[in-house]
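Work through the exercises below with the sequence and the structure at hand. Each task is followed by a solution in steps.

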Amino acid sequence: MTTMSYIAAIDQGTTSTRCIVFDVNGSIVSVAQKEHEQFFPHPGLVEHDALEIWANVQEVVQGALDEAALTTADIAAIGITNQRETTVVWDKATGRPVYNAIVWQDTRTDSLVKQLGEMVGPERFRERTGLPLATYFAGPKLLWLLDNVDGLRERAESGEVLFGTIDTWLIWNLTGGVQGGRHVTDVTNASRTMLMNLESLDWDETILTRMNIPAAVLPVIVSSSEVYGLCAGFLEGVPVAGALGDQHAALFGQTAFNTGDIKSTYGTGSFLLLNTGSKPVQSRHGLITTVAYKIGDAPAVYALEGSIAVTGALVQWFRDRMGIISKASEIETLAASVDDNGGCYFVPAFSGLFAPYWRSDARGVIAGLTGYITKAHIARAVLEASAWQTREVVDAMLADTGVELSELKVDGGMTANNLLMQLLADALDVTVVRPMVAETTSLGAAYAAGLAVGFWPDLDSLRANWHRAAQWSPAIDEERRAHEYHYWKKAVQRTLGWVENEESTR
């Protein structure tokens with residue numbers, strides 16, 4: 001084992017960036033975090049400033065080291081986990097983005113993905129990529145940039161600009177940037193571009209041709225756990241040795257290494273991943289087939305994923321846009337002040353609906369309003385939205401695989417909300433389990449980096465670190481569960497078809 005004592009993980013999320021330092025037991029040593037600005041130029045459009053994100057990464061890494069009185073000499077390696085699908089294109093010579101980062105929630109490519117579907121529709125590239133054609137994925141976002149930023153296509157074809165998801169942007173900057181930074185993406189992030197072939201784990205030339213995307217702009221696809229390069233600048237000499245998209249990292253951090261293991265992460269959105277082993281399973285029920293992780297030269301492990309666009313983001317909206325609460329944590333107290341939702345259901349289709357519907361024409365609704373409804377009932381409906389959306393994804397996983405859920409491992413910031421955890425157990429009719437370290441996304445990135453440098457010897461050493469912290473059992477009867485699920489599904493139907501064609505690109 002290396003003589004250095006700690007692994008650092010950069011967790012670059014949708015609303016904030018943090019750095020967490022872990023010890024060999026997988027325990028948190030220090031944390032630093034900073035939010036970044038969200039830009040909403042038009043309804044349905046969401047952007048980030050990639051330079052702000054890079055500045056925040058440097059600040060939080062230094063902050064986490066300072067909090068624990070550590071130096072770079074104490075860090076054996078650094079791992080990265082990131083918001084997926086968010087798309088950056090930057091100038092290779094200057095390191096400056098050519099446009100704001102287009103965030104995974106952004107729907108500007110709606111008409112573009114319809115065009116890409118041609119006569120086939122959303123399934124056109126699914127067999128090759130595991131993904132339905134949707135605004136969610138990075139490839140169409142790149143195509144939009146190439147078609148809408150003046151001169152960008154010509155610059156891309158001549159190799160003057162680089163494309164990447166956030167992992168690629170950070171690795172390039174950490175390993176030197178304009179001074180020879182490595183232009184790579186890990187296989188989990190590559191699997192979310194709609195440009196990678198699931199079987200070959202390389203860019204799919206047929207899709208690149210059909211989307212008219214020049215290969216010169218694309219990073220090299222690498223595994224999730226290997227040394228990509230050494231840091232330059234303020235982390236001089238520290239190996240950058242692991243990268244996983246945030247949901248894949250959470251699966252890894254939950255040590256869900258066996259076929260049939262499942263986890264659900266509750267952050268800005270929510271994402272359930274089911275480990276399906278060494279072969280990709282094509283979904284017939286609205287799920288995504290994705291790469292779960294790949295350790296060095298070992299074969300890739302695949303997963304089925306149910307992606308929910310808005311869960312924690314709805315609480316944030318309730319706080320920031322409505323002003324009904326001043327802190328996110330206050331929603332639990334408000335929602336718990338009533339016994340039920342009063343017949344009110346909130347479907348947060350702010351950017352359309354993801355799994356299992358994949359409807360970019362949907363928009364959010366609050367259904368069942370009467371004069372009886374108070375802000376407390378709406379607060380409860382906000383939390384219940386996460387539970388019922390999870391139920392729909394679990395139903396789809398059962399239909400695709402026949403795997404019955406016995407318990408659900410959960411992680412992410414929203415798991416601090418005990419009422420939400422109980423609502424999840426009630427909606428799913430299974431035990432919900434929260435691990436000792438709820439920040440499993442960061443932990444997964446740390447594990448990937450640590451494996452690459454020998455800080456942890458094998459997967460069994462990671463399994464030994466996992467401990468149960470709390471659990472919730474179902475507390476409602478089947479009749480009530482079925483009644484509420486029925487009305488949830490009625491509310492979902494009210495969201496569909498709201499956006500008409502001529503509005504979709506505004």
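**Exercise 1.** Locate Thr255 in the chain, and state whether Thr255 is buried or exposed.

*Solution.* The model is predicted. Thr255 belongs to the loop that runs between helix 9 (246-253) and strand 15 (262-266). Its backbone has a positive phi of about 50°, although Thr255 is not a glycine. The relative accessible area of Thr255 is 8%. Buried means under 20%, so Thr255 is buried.

**Exercise 2.** Repeat the analysis for Met194: which elements flank its loop, and what is its phi?

*Solution.* Helix 7 (187-190) and strand 10 (196-197) flank the loop that holds Met194. Phi is positive, about 75°, and Met194 is not a glycine. With a relative accessibility of 0%, Met194 counts as buried.

**Exercise 3.** Describe the peptide bond from Ala355 to Pro356 and place Pro356 among the secondary structure elements.

*Solution.* Omega is near -5° for this bond, which is cis. Pro356 is found in the loop between strand 19 and strand 20 (365-367).

**Exercise 4.** Classify the ring pair of Trp317 and Phe346, and say which parts of the chain the pair ties together.

*Solution.* The structure has 22 aromatic pairs. For Trp317 and Phe346, the ring centres are 5.6 Å apart and the planes stand at 90°. Centres must lie within 6.5 Å, and planes over 60 degrees apart count as edge-to-face; the pair is therefore edge-to-face. Next, the positions: Trp317 lies in helix 10 (residues 312-320), while Phe346 lies in strand 19 (residues 345-347). The pair thus ties together parts that are 29 residues apart in sequence. Trp317 is partly exposed, at a relative accessible area of 24%, whereas Phe346 is buried, at 3%.

Ring pairs also link a cluster made up of Trp104, Tyr136, Phe137, Phe271, Phe354 and Trp358.

**Exercise 5.** Find what Arg108 contacts: which ring lies under its charged end, and with which residue does Arg108 form a salt bridge?

*Solution.* The charged end of Arg108 sits over the ring of Trp144, 4.6 Å from the ring centre. Arg108 also forms a salt bridge with Glu47, in which the closest N and O atoms are 2.8 Å apart. Glu47 is in strand 4 (residues 47-48) and Arg108 is in the loop between strand 7 (101-102) and helix 2 (110-117), so this salt bridge ties together parts 61 residues apart in sequence. Glu47 and Arg108 are both buried.

A charge over a ring is also found at Lys409, which lies over the face of Trp466, 4.4 Å from the ring centre.

**Exercise 6.** How many salt bridges does the structure hold, and where do Asp395 and Arg391 lie?

*Solution.* The count of salt bridges is 26. Asp395 and Arg391 form one of them, at 3.2 Å from N to O. Both residues lie in helix 12 (residues 375-401), four residues apart, about one turn of the helix. Asp395 is partly exposed, at 30% relative accessibility, and Arg391 is buried, at 16%. A network of salt bridges with shared partners joins Arg84, Glu85, Arg192, Asp246 and Glu305.

For Arg153 and Asp147, the closest N and O atoms of the salt bridge are 3.0 Å apart. Arg153 is buried, with a relative accessible area of 13%, but Asp147 is partly exposed, with 47%.

Notes
Residues are numbered from 1 along each chain as its sequence is written. This is a predicted model: local features need pLDDT of at least 70, side-chain atom pairs count only at pLDDT 80 or more; totals for chains, interfaces and linings use all residues. Side-chain values use heavy atoms; hydrogens and water are left out. Rings of Phe, Tyr and Trp (its six-membered ring) pair if their centres lie within 6.5 Å; planes under 30 degrees apart count as stacked, over 60 as edge-to-face and the rest as tilted. Helices (H or I, at least four residues) and strands (E, at least two) are DSSP runs, numbered from the N terminus. Buried means under 20% relative accessible area, exposed over 50%, partly exposed in between (1.4 Å probe, protein chains only). A charge sits over a ring if NZ of Lys or CZ of Arg is within 6 Å of the ring centre and within 35 degrees of the ring normal. A salt bridge is a side-chain nitrogen of Lys or Arg within 4 Å of a carboxyl oxygen of Asp or Glu.
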